[in-house]
Amino acid sequence: MKVVILKNAAEVAAYGAQIFKKQLNKKADSVLGLATGSTPVALYNELIALANKGELSFKHSKSFNLDEYLGLDGDHPQSYRFFMNEKLFDHVDIDKANTQVPPGNAADPVAACEEYEQAISAAGGIDIQLLGIGRNGHIGFNEPSSSLASRTRVKTLTKATIDDNARFFAEGEYQPHLSITMGIGTILESKKVVLLATGSAKAEAIKATVEGPLTAACPASALQLHKDAVLIIDEDAASALSDPEFFKHIERENQQLEKKLGQ
Ligand code: F6R
């Protein structure tokens, strides 16, 4: 697992955006795995800015989002479909017909989960998956105790996640307690994984992710099994790591090597 520690959230977003730019410029028809939540918004803003400058295009790409609240239509302002339209899709040249978010309003959610898995496979699999991380170590809505081999399915949210996300809902507004989420097994099949974390509230989850053990108690620790996972985190999110200087040293060495190789 590669860990890149940067000064602040702005640097994390800019670094992450460069990885997506590289991916799209290398493979215009990339299949992107996307995330919602507060953390990726700055990265999406960077991608919009790069697209406006003509440095990247989403024209031939496809996307699959990690998760959606069960019980919300895509036009509900708290739905993740609405979020993605507002934060990214409405501002770039992606064909919305090529963007998929799990259907929160599916009449048969179990069948919808199976269809979502099939659609990912039919697209050739996810080339690059963006992730945030919950304070409890969740990725997507794979809460602690999720099977490390899980596939897209209906998942009950923990009280901690419901409380964390209550900030997005108005007082008295219905807040779903169920979701459809890609599974940990689904995420692990992505060719590349980019996880972003900023702020000290994520420090313990990052420590558990990086320093192990590999356990369903911290779903993100499953990324230890992925051969191309990069964690891009700020100083605050890195603050509980035993040896952050080691990761900074590795990153400096990598930068030098890349310069030498002209990458
Ligand atoms: C969102 C998602 C969640 C969030 C996580 C962190 O699609 O799957 O796992 O990434 O809850 O959320 P923020 O970034 O709001 O702290």
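Here are some numbered notes on this predicted model, going from the overall fold down to a single serine.

1. Let's start with the whole chain. The protein chain holds 8 helices and 10 strands. Its C-alpha atoms fill a box of roughly 55 × 40 × 35 Å along the principal axes. For 263 residues, a compact globule would have a radius of gyration near 18 Å, and the protein chain has 18 Å, so the two agree.

2. Next, the balance of inside and outside. Of the 263 residues, 51% count as buried. The accessible surface of the protein chain comes to about 11900 Å², with 52% of that belonging to carbon and sulfur atoms. If you take the contacts with a separation of 6 or more, 79% of them are made by residues 24 or more positions apart.

3. Now to the seven-stranded sheet. It is an open sheet with parallel pairing, and its strands come in the order E1-E10-E9-E6-E2-E3-E5. Strand E1 (2-6) and E5 stand at the edges; each has a single partner strand, so one side of each is left without a neighbour in the sheet.

4. Which strand pairs with E1, and over how many bridges? The partner is E10, in the parallel sense, over 5 bridges. If you would like a place to look, Ile5 stands opposite Ile233 in E10. Although E1 is an edge strand, E1 is mostly covered, with 4 of its 5 residues buried. Helix H7 (residues 203-211) lies across E1, strand E9 (192-197) and strand E10 (229-234), and runs at about 150 degrees to E10.

5. At the other edge, E5 pairs with E3 in the parallel sense over 2 bridges. Here Phe64 stands opposite Gln100 in E5. When you view these strands on screen, it helps to remember that in a regular strand the side chains alternate between the two faces of the sheet.

6. There is also a three-stranded sheet. This one is open too, with antiparallel pairing and the order E4-E8-E7. Strand E4 (67-69) and strand E7 (153-156) are the edge strands, each with a single partner, so one side of each has no neighbour in the sheet. From one strand to the next, the twist averages 30 degrees. E4 and strand E8 (residues 178-181) pair over 3 bridges in the antiparallel sense, and Glu68 stands opposite Ile180 in E8.

7. Helix H3 (residues 80-87) is worth a visit. Which of its residues are buried? They are Tyr80, Arg81, Phe83, Met84 and Asn85. The cover over these buried residues of H3 includes strand E2 (31-34), helix H2 (41-52), strand E3 (62-65), E4, strand E5 (99-100) and helix H5 (159-165). Among these, E2, E3 and E5 belong to the parallel sheet, while E4 belongs to the antiparallel one.

8. Finally, have a look at Ser221, which lies in the loop between H7 and E10. Is Ser221 buried or exposed? Its relative accessibility is 0%, so Ser221 counts as buried, the cut-off being under 20%. A polar atom of the Ser221 side chain lies 2.9 Å from the backbone nitrogen of Thr215. Leaving aside neighbours within four places in sequence, Ser221 is in contact with Ala208, Thr209, Pro213, Leu214 and Thr215. Ala208 and Thr209 fall within H7 (residues 203-211), the helix that lies across E1, E9 and E10.

How values were computed:
Residues are numbered from 1 along each chain as its sequence is written. This is a predicted model: local features need pLDDT of at least 70, side-chain atom pairs count only at pLDDT 80 or more; totals for chains, interfaces and linings use all residues. Side-chain values use heavy atoms; hydrogens and water are left out. Two strands pair if DSSP finds at least two bridges between them. Axes are lines fitted to C-alpha atoms, for helices over the stretch in contact, and angles run from 0 to 180 degrees between N-to-C directions. Buried means under 20% relative accessible area, exposed over 50%, partly exposed in between (1.4 Å probe, protein chains only). Contact means heavy atoms within 4.5 Å. The radius of gyration is taken over C-alpha atoms; the globule rule is 2.2 Å times the number of residues to the power 0.38. Accessible areas come from the Shrake-Rupley method with a 1.4 Å probe; for residues, only the protein chains shown count as cover. A polar contact is a pair of N or O atoms within 3.5 Å; within protein, one must be able to donate a hydrogen and the other to accept it, and residues adjacent in sequence count only if both atoms are side-chain atoms.
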